[in-house]
Amino acid sequence: MTEALPEFSPNEGVHYAGVLLALPFLADLNYLSTGQKIYGTLKKGYYGLQSILLTFAFMALLRIKTPEQLKNGNPGDFGIVLGLDRCPEVKTLRRKLSELGLRNKSGQFMESLSSKWVDQDKDIVGFAYIDGHVRPYHGKKHILPKTHVARRRLCMPATTDFWVNGSNCEPLFFVTTEANDSLLSRVKDDIIPELNRLSKDDRVTLVFDREGWSPNRFLKWKESGIDVLTYRKGNYEPWPEDCFAEVTSQVRGEPVTYMLGERSIKINKKGWVREVRRLCDNGHQTSIISTRQDLSMEEVASRMFFRWNQENYFKYMREEYSLDHLVSRDVEQADVGRMVPNPHKKQMIKQYAKQERQLAKKKEHYATKVVDNNEKKCRTMRGFNISNFGLKTDIQWLEEKLETLKKQIKQLPDKVQINQVLNEDEIVRLETEKKRLTDTIKMTCYRAETELVKTIDQAQCFSRTIDEGRTFIKKVFQQPADIIPHHDDRKMEVRFHTMSTQRENKALKELCGIVNEERFLYPGTKLTLLFKAA
C-alpha cells in the first residue's frame with residue numbers, strides 16, 4: 001500500500017466539514033488529477049499524495065496560513081474530512097513538502113493547470129492582466145537584492161513575482177524573478193511565450209500599468225500578434241472639453257458614466273497608436289494607449305480600469321491566503337554572473353555629491369564675505385583675498401578635486417558581475433520550488449472559491465453577492481456538520497448545523513442543492529457526497 005485510503009465512519013459535529021463543499025469545484029479545476037499526473041506518488045507512507053494535496057488545499061480555504069497553525073486547531077476533525085484518523089503533524093507535512101520540492105515539478109504543475117483552465121474557457125486569455133507583486137524579506141541572515149515596496153514606500157530586500165490574470169481577472173500563472181527584474185524583461189522572456197502556448201498563437205492583449213511603458217516594444221509586439229493596453233506615461237497636453245462625449249458602461253453589473261474622447265497619435269515618430277482619454281470631474285484627463293483598433297472606446301476604458309481588480313486580488317490574497325508568507329527559509333544558489341549596479345561607482349557618486357555640497361557652502365560663504373566687505377578697508381579683490389586668506393584657495397582646490405573625481409566616475413562601468421561584489425556562497429535567492437507549489441495551490445483554491453461565489457450569485461441568495469459572497473463562503477468552510485456514510489447506498493451525507501441567520505441557512509440550502517446535482521464522488525472512494533442544510 002502506497003498510502004492510507006480514505007475511510008469514513010459516522011461522526012457528529014465535525015469542525016471544518018463545510019470545506020467539503022469546495023471539493024467538486026477543485027475537481028472541476030483538475031487540481032487532484034493534475035497533481036497525480038505530474039507528481040505520481042510519494043514515498044510509501046500513511047499520508048500519500050492525495051491526502052497531502054487536500055491538506056494544503058483545505059488549509060488555504062480554512063485560512064490556516066502556516067503548517068505550524070495546524071497545532072492550534074483540531075487535528076482529529078481535520079483528519080475526518082480527509083477520510084483519515086487525523087491530519088498530518090507539522091514535521092510530517094514539511095517533510096512531504098520537501099519531498100515534492102525536490103522533484104522540481106512545480107512549474108510543470110502550474111503550466112498544466114493553466115492549460116486545463118484555458119481549454120475549459122479559451123476567452124480567458126484574450127486579455128492578460130500583468131502586474132508585479134513584491135514579497136519583502138525581513139531576515140538578516142542572507143543578502144538579497146533590494147527593490148521598492150510601494151505599499152510601504154521603502155526600498156527593501158525582496159523577491160518580485162509577476163502575475164498574469166485572465167480576462168475575468170482570475171489568476172492564470174505567475175513568474176518569479178531572480179533579482180527583481182523589470183516587467184518588460186519578464187514580459188518578453190517569460191510571459192509572452194507562455195501566453196502564446198496557452199492561446200495557441202491567437203491574438204492576445206496585454207494590460208499593465210505605466211511600469212511597462214515602452215513605445216518601441218509596443219510596435220514590435222503588434223507586428224508579432226500581441227496587442228497592448230496601458231496608461232500613457234509622461235506629460236501631455238490636455239484636450240479641449242468639447243473632445244469628450246458621455247458614454248455609459250457596466251462595472252460589476254452597475255451602469256457607470258464616463259466622459260471619453262479618442263484620437264490617433266504617433267509615438268516616437270515611428271508608429272500610430274490609439275489614445276483614449278477620460279475626463280474626470282476634477283478636470284484631470286487619464287490617457288490610455290492601445291494598439292487595438294477594433295474595440296469601442298468605452299470597452300478600452302472599462303478594460304483598462306478593470307485592472308484594479310488585480311490590485312484587489314493581491315490585497316485579498318495577502319490578507320486571507322497569506323501570499324507573502326515564506327513556506328521555507330531555505331535558500332538556493334543564484335546566478336553568479338548576473339550584472340548588478342557597480343557599488344564602487346555608487347560610493348564615488350555619493351562622495352562627489354558630498355564634496356559638491358561642501359563646495360556650494362564655501363562659495364556661499366565667500367559670496368557673503370564679498371557682500372559684507374568694507375570697501376574702505378579692502379578696496380580691491382586682491383586686498384580682500386589677502387585679508388581672507390585661504391577662502392579662494394580652498395574653493396579652487398575643491399573644484400580641481402571634483403573635476404578629477406568626475407573623470408574617475410566616468411571611467412567606471414555602470415554594472416559589474418555580482419561575483420565581483422560578493423563571495424559565491426553569498427549569492428543566493430530564496431528557495432522557489434516549494435513557494436511556487438504552495439502559491440499555485442492557493443491560486444487554485446482562490447479560483448474554486450470564486451466559482452462558489454458565482455454559484456450563490458446565480459441562485460440569487462444575496463442582494464449584494466459581490467460584497468457578501470466571499471464572507472459567507474468563508475463562514476461555510478468553518479461550519480460544523482455531521483458526517484454519516486451510507487456504504488450500502490454508496491452515499492456520504494454531510495448534514496450542516498444551523499448558521500447564525502435564516503438568510504444564511506437559506507443560501508446554504510440553495511448551495512447544497514446545486515452542488516448535489518454534480519453527484520460528486522469523494523476522491524479515492526465510491527461514496528457520493530450529499531450535502532444537507534439545517
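**Exercise 1. Ser-249 in its strand**

Find the strand in which Ser-249 lies, decide whether Ser-249 is buried or exposed, and list the residues that are in contact with Ser-249.

*Solution.* As a first step, place the residue in the chain: Ser-249 belongs to strand β8, which covers residues 245-251. This placement, like everything that follows, refers to a predicted model. As a next step, consider the accessible area: Ser-249 has a relative accessible area of 11%, and a residue counts as buried under 20%, so Ser-249 is buried. To finish, set aside the neighbours within four places in sequence; Ser-249 is then in contact with Glu-254, Pro-255, Val-256 and Tyr-258, and also with Glu-298 and Ser-302.

**Exercise 2. Helix α6 against helix α14**

Describe how α6 and α14 pack, and state which residues make the contact.

*Solution.* Two packed helices are described by the angle between their axes together with the distance between those axes. For α6 (residues 106-120) and α14 (residues 433-458), the angle is about 20° and the axes are 8 Å apart. Angles under 35 degrees count as roughly parallel, and α6 is therefore roughly parallel to α14. The crossing in which α6 passes α14 is left-handed. On the side of α6, the contact is made by Ser-106, Gly-107, Phe-109, Met-110, Leu-113 and Trp-117, while α14 contributes Glu-433, Arg-436, Leu-437, Thr-440, Ile-441, Met-443, Thr-444 and Arg-447. Sorted by class, the residues of this contact are 7 nonpolar, 4 polar and 3 charged.

**Exercise 3. Helix α3 and its two partners**

Work out how α3 is oriented towards α4 and towards α14, and name the residues that meet in each contact.

*Solution.* Begin with α4 (residues 75-82). Helix α3, which spans residues 49-61, packs with α4 at an angle of about 120°, and their axes are 10 Å apart. The two helices are therefore oblique to each other, and their crossing is right-handed. Ser-51, Leu-54, Thr-55, Phe-58 and Met-59 of α3 make this contact with Phe-78, Val-81 and Leu-82 of α4. By class, the contact holds 6 nonpolar and 2 polar residues, with no charged ones.

Now turn to α14. The axes of α3 and α14 come within 9 Å and cross at roughly 60°, which means that α3 is oblique to α14. The crossing of α3 and α14 is right-handed. Here Phe-56, Ala-57, Ala-60 and Leu-61 in α3 meet Thr-438, Ile-441, Lys-442 and Cys-445 in α14. This contact of α3 with α14 comprises 6 nonpolar residues, 1 polar and 1 charged.

**Exercise 4. Leu-97 and a partner far along the chain**

Determine whether Leu-97 is buried or exposed, and how many residues separate Leu-97 from Thr-438 in sequence.

*Solution.* Leu-97 has its place in helix α5 (residues 90-102). Its relative accessibility is 3%, so Leu-97 counts as buried. In sequence, Leu-97 and Thr-438 are 341 residues apart, yet in space their C-alpha atoms are 9.0 Å apart. Leaving out residues up to four places away in sequence, Leu-97 touches Phe-56, Val-327, Lys-434, Leu-437 and Thr-438.

**Exercise 5. An open sheet and the helices across it**

Give the order of the strands in the sheet that contains β1, identify the strands at its edges, and say which strands α4 and α16 lie across.

*Solution.* The sheet is open and has 4 strands in the order β1-β16-β17-β18, with mixed pairing. At the edges stand β1 (11-14) and β18 (528-532); each has a single partner strand, so one side of each is left without a neighbour in the sheet. With direction ignored, neighbouring strands are turned by 25° against each other on average. Strand β17 (residues 491-496) pairs with β18 in the parallel sense over 5 bridges, and Val-494 has Phe-531 in β18 as its bridge partner. Helix α4 lies across β1 and β16 (481-486) and runs at about 115° to β1, whereas α16 (residues 502-516) lies across β17 and β18 and runs at about 160° to β18.

**Exercise 6. The enclosed strand β11**

Explain why β11 is described as largely enclosed, and describe how β11 pairs with β7 and β10.

*Solution.* In β11 (residues 285-290), 6 of the 6 residues are buried, so the strand is largely enclosed by the rest of the structure. Gln-285, Ser-287 and Ile-289 point one way, Thr-286, Ile-288 and Ser-290 point the other way, and all are buried. Strand β7 (residues 226-231) runs antiparallel to β11 and is joined to it by 3 bridges, with Thr-230 opposite Ile-289. Strand β10 (residues 271-279) also pairs with β11 in the antiparallel sense, over 6 bridges.

Key
Residues are numbered from 1 along each chain as its sequence is written. This is a predicted model: local features need pLDDT of at least 70, side-chain atom pairs count only at pLDDT 80 or more; totals for chains, interfaces and linings use all residues. Side-chain values use heavy atoms; hydrogens and water are left out. Buried means under 20% relative accessible area, exposed over 50%, partly exposed in between (1.4 Å probe, protein chains only). Contact means heavy atoms within 4.5 Å. Axes are lines fitted to C-alpha atoms, for helices over the stretch in contact, and angles run from 0 to 180 degrees between N-to-C directions. Angles under 35 degrees count as roughly parallel, over 145 as roughly antiparallel, 65 to 115 as roughly perpendicular and the rest as oblique. A crossing is left-handed if the near helix is turned anticlockwise from the far one by less than a right angle, and right-handed if clockwise. Ala, Val, Leu, Ile, Met, Phe, Trp, Tyr, Cys and Pro count as nonpolar, Asp, Glu, Lys and Arg as charged, and the others, Gly among them, as polar. Two strands pair if DSSP finds at least two bridges between them.
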